Amino acid sequence: MNRTTSLTRRLFLAGAGLALVAAPLSTAQAAKDSVVIAWQADPQTWDPMRRTNPGLQSIYKMVFDQPMTQAPDLKIIPGLFKSAVLSEDGKSIAIELRDNAYWHDGEKVTTADVAYSFLGRMKAGHKIDFVRVWRNVTEVEIQSPTKAVIKLKSPMPTAIQWMAFLANYIVPKHYLEKVGVEGFSTKPIGSGPYKVVDYQRNSRIVLEAFDKYWGPKPAIKKITIQIIKDPSARVAAVQSGRVDFAPDVPVREAQRLEKRKELTGVIFPISRVMLLQIRSDQAFKDHNVRLAAHHAINKQALSRAFYGGAAVPLSIVAPPGTPGYVKDFEIPYDPKKAMELLAKAGYGPKKPITIGMATYNGVFPSDYDIARAIVAMWKKVGINTKLEVIEQGKYFELNRGNKLPEATLYTWDNATGDPEMFTGYLLHPKLPFSAWKDMKVGARVMKLFSVVDYDKRIAAYKELSVFAAKEGATIPLLQAVTTQVYNSGLNVVRYKNGWVLPQTWSWK
Amino acid sequence: MGSEIAGIIGRRILVALPLILLVSLLVFVVLRLIPSDPLAMAVPPNATKADIEAMRKEMGLDLPILEQYVIWLGQLFQGNFGRSIAFGQPVIKLIGQSLPATIELVLISAILATVIGIAGGMIMFRLRGSFGEQVADASSTLMMSVPDFLWGLFLILIFGVAFNLLPFSGRLPPGVAQPNVTGFLLLDSILTGRFGTLFSALEFMILPSVALALGTAPLVMRVLRSSLMEVINEDYITMARMRGVPERRVIIRHAFKNAFLPTLTLMGVQFTFLFGGTLLIEVIYSYPGLGNMMVEAVRNTDLPIIQGAALIYALAVLGINLLVDISYVMLNPKLRRAR
């Protein structure tokens, strides 16, 4: 009798324990109007204009509105601005604001907020990256609560593209003036599809659909974003069903999880490129050596080895699907030609040339492994490489001091896909992004920064990108890929720039 | 006993002050000597040279290192730890928000390590000379050999993924609100009477705290067993047995009490390591504590946070040592008399 009682009690306790630990198991799938996302980084600040950080744009776009936005195929479309028209001289932008846009506190969005975002914050001395993008704004002429003209000191051909790009958001003047930058950075209000209802730093963000949102009402009413920085933990979270969506998981894991019926795994190329930034001097002074280095790299093999073959090999810094892409141009993998070019410069496998190369380790997937593979490919044709790992941010420090080695493995994100933000920024000798300082290419790039006519500009960039590749001014490698693993019950809209926007999702 | 403890605290604080100053100087100087410019992350990529120099001046990074240190120290005494480069907020506020989570995690881990360590040590002692002792010995060696972050991943795979029994990211499930009174989630849940939240929070802490405890507990086990082996042949134990005291009582009341003192010293040292272990465990478990923030600060070269957090870690180590010293005096009458 006693034995039976004891066993029953034990069973009860075990059952209660199991029930306790199993209780939150299905939280991720509990409600069909909510979704749990595993995200790889904490926003750090809720001021969306503060940093030009591509990794945070998706989160900001859930809460805030950009003046212009993009369709999944990268096309620039109206955002908070119903229209934005760049003048022929490129020095003014006539904008019209939506008349049904509201802040999360119920106040109406007006052109006063636009003026504050474009000029007021600059005048108030706010330390935001947005100011550096729009530093040539001289005036915002308010014509009505929905109409205004933004005036610029000099032409800005990519003004409209920038309105859909990094750090370009409209923020509430009345709220910022009331709570200050610090208050806004921790408790934000925006005009986007979701409002922030809870934010625990480095842990989670809870968003709720905003019922007065001007755009299509989100089908998913509640978003919980769990900050899970470790890729293995993100994989575990989505595999166990504790989250519904996990981006940026290792390629092999996405391929493995794709085989499970309840999960969908996708690997797709986005508007981000991997390339070697090149110096025009030192051991790379000779054009033959630079081109030899390019021909010696088997990009297809890199794609197969590190990205499951999904990363598209590139010959210019404009990936397919972007306006500046040139379809029929290729610098092929040809080790024989690489050796011939090196021989012209007086080098070869028996008399190798030595160069330096810098790389990140862990900033983007497989970066260090790619660098090591390139070093091995170069060695075969007669290029010895001293590989050096640098921290993120160190690139600019080294570039400013003219201390970069001959080649640097680099990644460049350009959600807009516009060639100015690819070839233009990466080869503009006066900008800190470019390692290339020679004016043969540089002068052509600089000239294009004032060409306002869109068609002429795009055509010129295509020519320039091909010219730069033939000059060996850049060695584009691959179009980067992103990975997503999610509950198969979700309809996820895939953006070609990698944006993750749950406002466009629904449950099947 | 009260005056003895007060004396210990006083002496410890006297020793601790110059130690903290030394630690702060070391941290400050080392961080400025590493070949990485903190401004690299503080300025946007398109910043001009003039922008960078202006920012360098504003942050005081153009001054000689010792001058920077003196300024920083002066601000510290006013409770100003500086402003985070990445977050743009006061460091003291950021640390204040994340430290309670780490303290709770370390406390729970320490309790778990103590329970597992003491129970394991006693069992190993009881099994001495048998095959069971060899099994227990091998198990404790295995537990010690695996680093805590690997335990962390292993526990996630077993209990989070394979059996899907326990949560492993964050502190609370989606939909459960976090009460905020003192900043300590467990305490706040009790104070606000939200026992459901308390159980949820504890459930989320099981895996990270076990991962941390598994590195510490085997050492406690082994030292306790060795100490018990040493005291078990002492005269007072023989006398107790001759008086007919039952074996269990002999071990618990007589042997354990004396064998525990060296174990306590070891536990003090080990618990300071628990704080270090939180760095990786908090990242793996997406636990919003100081360790997680520190790792992010290192990635961002966010010097003000690294300096502030390093100082807090140093203070925690000194605090734990002080607690061990006090416990030692309370538990050891001989020591009280000697003092």
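**Exercise 1. The second largest pocket**

How many residues line the second largest pocket, and which of them lie nearest its centre?

*Solution.* The model is predicted, so local features require pLDDT of at least 70 and side-chain atom pairs pLDDT 80 or more, whereas totals for chains, interfaces and linings use all residues. Residues are numbered from 1 along each chain as written, chains are lettered from A and ligands numbered from 1 in the order of writing, and side-chain values use heavy atoms, without hydrogens and water.

Step 1. A pocket is defined on a 1 Å grid over the protein atoms alone, as an open set of points with protein on both sides within 12 Å along at least five of seven lines; lining residues have an atom within 4 Å of a point. The lining comprises 44 residues, and B:Met55, B:Glu58, B:Met59, B:Arg83 and B:Ser84 lie nearest the centre.

Step 2. The second largest pocket holds about 1,200 Å³ of space, a volume being the space filled by probe spheres set on grid points joined across faces, edges and corners.

Step 3. Helices are DSSP runs of H or I with at least four residues and strands are runs of E with at least two, numbered from the N terminus. Chain A gives two or more residues to this lining from each of helix H5 (129-133) and helix H7 (173-186), and chain B does so from helix H1 (2-33), helix H3 (49-58), helix H4 (65-77) and helix H13 (303-331).

**Exercise 2. The second largest cavity**

Determine which residues and elements line the second largest cavity.

*Solution.* Step 1. A cavity is a set of grid points where a 1.4 Å probe fits but cannot get out. The whole structure contains three cavities of 30 Å³ or more.

Step 2. The second largest cavity has about 50 Å³ of space, and its lining consists of A:Arg272, A:Met274, A:Tyr307, A:Phe364, A:Pro365, A:Thr411, A:Ala480 and A:Val481. Strand E12 (263-278) and strand E16 (474-487) of chain A are the elements that supply two or more of the lining residues.

**Exercise 3. Chain B and the surroundings of B:Thr102**

Describe the make-up of chain B, then place B:Thr102 within it.

*Solution.* Step 1. Chain B has 14 helices and zero strands. Its C-alpha atoms fill a box of roughly 85 × 55 × 40 Å along the principal axes.

Step 2. Buried means under 20% relative accessible area, exposed over 50% and partly exposed in between, with a 1.4 Å probe and protein chains only. Of the 339 residues of chain B, 50% are buried.

Step 3. B:Thr102 belongs to helix H5 (residues 91-126) of chain B and is buried, at a relative accessible area of 1%. Contact means heavy atoms within 4.5 Å. Leaving aside residues up to four places away in sequence, B:Thr102 touches B:Phe275, B:Thr278, B:Glu282, B:Tyr287, B:Gly289, B:Leu290 and B:Gly291.

Step 4. B:Thr102 and B:Phe275 are 173 residues apart along the chain, yet their C-alpha atoms are separated by 7.8 Å.

**Exercise 4. Positive phi values**

Locate A:Gln44 and B:Asn164, and state whether each is buried or exposed.

*Solution.* Step 1. Most residues other than glycine have a negative phi. A:Gln44, although not a glycine, has a positive phi of about 65 degrees; for B:Asn164, phi is near 50 degrees.

Step 2. A:Gln44 sits in the loop between strand E1 (34-39) and helix H3 (57-63) of chain A. B:Asn164 occupies the loop between helix H7 (148-162) and helix H8 (185-191) of chain B.

Step 3. A:Gln44 is buried, with a relative accessible area of 15%, and B:Asn164 is buried at 18%.
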